[in-house]
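Visitor: Before we begin, I would like to go through this entry slowly and ask, for each term used, what grounds there are for it.

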Amino acid sequence: MGLRLNAHGKINLTLDVLGRRPDGYHQVEMIMQSIGLHDTLEFAYRPGEIVLDVSGVPVTAGEDNLVFKAARLLRQYAGEQAGALIRLHKEIPVAAGLAGGSSNAAAALRGLNRLWQLGLTDEQLSRLAVRLGADVPFCLLGGTAIARGVGELLTPLPPAPRFGVVLVKPPFGVSTAEVYRNLNLAALGSRPDTAAMAESLRQGDLSRVAANLCNVLESVTIKWHPQLQQVKEALLAAGCLGVLMSGSGPTVFGLTEDEAAAASVARRLVLPDCQILASVMI
Ligand SMILES: C[C@](O)(CO)[C@H](O)COP(=O)(O)OP(=O)(O)OC[C@H]1O[C@@H](n2ccc(N)nc2=O)[C@H](O)[C@@H]1O
Ligand SMILES: Nc1ncnc2c1ncn2[C@@H]1O[C@H](COP(=O)(O)OP(=O)(O)OP(=O)(O)O)[C@@H](O)[C@H]1O
């Protein structure tokens with residue numbers, strides 16, 4: 001297999017919801033951050049058919065896999081004679097709030113654009129990306145960015161420090177659609193200060209970054225799963241400087257000075273049934 005791409009997960013350092021649109025989607029303002037944890041996609045040309053082979057964390061290999069959907073979308077430009085064998089190896093937990101599927105879709109768009117020599121620009125790919133999911137345009141861009149609109153209007157921020165990230169994935173998933181649907185916009189409680197978070201990142205000030213972590217979707221997911229509050233407390237007790245739920249959850253993350261400190265916290269944590277991973281902001 002000639003072409004190999006990493007598809008990185010993300011965490012949300014802030015997540016604010018500004019309103020509900022007539023189509024049911026929500027206007028958001030959030031600071032998104034890529035992390036080292038990644039899946040891998042390999043691409044080889046195959047005339048006339050798209051074949052997807054999945055290994056690692058179990059996920060559908062059928063037509064509802066986002067890699068398949070991305071390939072279908074791009075094939076409109078390549079023609080039916082174009083095809084590919086795509087090998088997807090999954091490490092990112094599924095339905096976790098880490099954009100695993102979205103990052104796979106973004107990597108599929110990038111990989112097949114190259115494999116089929118389509119020459120689509122980043123802007124063209126981004127317009128296709130949002131049709132696959134609100135997080136997919138960010139996953140194409142990567143790094144650190146403010147996302148607005150439904151998540152597709154991106155303002156890149158300077159590269160953030162490589163702070164360590166401890167990820168705790170409880171033994172259940174949540175539906176992003178259900179979480180948004182149950183959000184009470186009239187009673188959001190504390191809201192993120194996006195500008196203050198962007199400035200804290202620019203200064204590389206971990207204690208200020210920690211103090212500005214805020215995600216309004218916690219009000220829904222933690223109410224449904226109060227054990228997430230205990231996970232947050234356990235991460236703080238184990239030495240993380242700040243903790244937050246990522247996206248719609250249920251993964252909770254803690255921040256440390258660097259990846260080695262994250263690995264040390266991950267080794268010390270005892271949270272039965274939870275998956276615990278050490279990673280880094282990239
Ligand atoms: C929670 C986040 O992951 C934070 O980055 C995103 O806002 C969600 O991104 P995503 O999972 O890629 O979202 P999609 O797959 O496009 O949408 C899943 C469902 O979430 C809801 N949704 C998503 C994004 C958004 N801005 N408003 C919404 O209301 C919609 O009900 C949608 O049917
Ligand atoms: N390649 C894929 N990897 C993971 N999940 C996929 C993939 N393709 C389709 N899915 C489906 O997408 C749903 C959401 O999975 P995903 O891991 O992307 O969730 P998530 O991390 O909560 O995403 P986000 O943070 O973007 O909301 C799952 O129900 C899963 O079956």
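Visitor: Which residues are the closest to ligand 1, and how many surround it?

Guide: Bearing in mind that this is a predicted model, the count around ligand 1 is 19 residues, and the closest are His26, Gly133, Asp135, Tyr180 and Gly247. A residue is included if its C-beta atom, placed from the backbone, lies within 6 Å of the ligand. Two or more residues of this shell come from each of the elements β1 (3-20), β2 (26-45) and α5 (176-181).

Visitor: How do you know which domains contribute to the shell around ligand 1?

Guide: Domain 1 (3-156) and domain 2 (164-280) each supply at least three of its residues. By class, the shell around ligand 1 holds 9 nonpolar, 9 polar and 1 charged residues, where Gly is counted as polar.

Visitor: What makes up the shell around ligand 2?

Guide: Ligand 2 is surrounded by 20 residues, with Leu66, Ala99, Gly100, Gly101 and Asn104 as the closest. At least two residues of that shell come from each of α1 (66-78) and α2 (100-115), and α2 gives the most, with 4 residues. The shell around ligand 2 divides into 8 nonpolar, 10 polar and 2 charged residues, and domain 1 (3-156) and domain 2 (164-280) each provide at least three of its members.

Visitor: Why are α1 and α3 called oblique to each other?

Guide: The angle at which α1 packs against helix α3 (residues 122-132) is about 135°, with the axes 10 Å apart. Angles over 145 degrees count as roughly antiparallel and 65 to 115 as roughly perpendicular, while those under 35 count as roughly parallel, so a value outside these ranges is oblique. The pair α1 and α3 is therefore oblique, and the crossing of α1 past α3 is right-handed.

Visitor: Why can the residues that UniProt lists under "active site" be said to gather at one spot?

Guide: The UniProt record, an unreviewed entry, lists Lys10 and Asp135 for this feature. They span 126 residues in sequence, yet no two of their C-alpha atoms are more than 9.3 Å apart, and so they gather at one spot. Lys10 is placed in strand β1, while Asp135 is one of the closest residues to ligand 1.

Visitor: What does the record place at residues 65-143?

Guide: UniProt, again in an unreviewed entry, gives "domain: GHMP kinase N-terminal" for residues 65-143. In the predicted model, this span is 58% helix and 9% strand, and its end C-alpha atoms lie 24 Å apart.

Terms used: Residues numbered from 1 in each chain as written. Chains lettered and ligands numbered in written order. Predicted model: local features only at pLDDT ≥ 70, side-chain atom pairs only at ≥ 80, totals over all residues. Domains from an automatic or database assignment. UniProt positions renumbered as here; feature names shortened; annotations may be inferred. Axes fitted to C-alpha atoms, helices over the stretch in contact; angles between N-to-C directions. Left-handed = near helix turned anticlockwise from the far one by under 90°.
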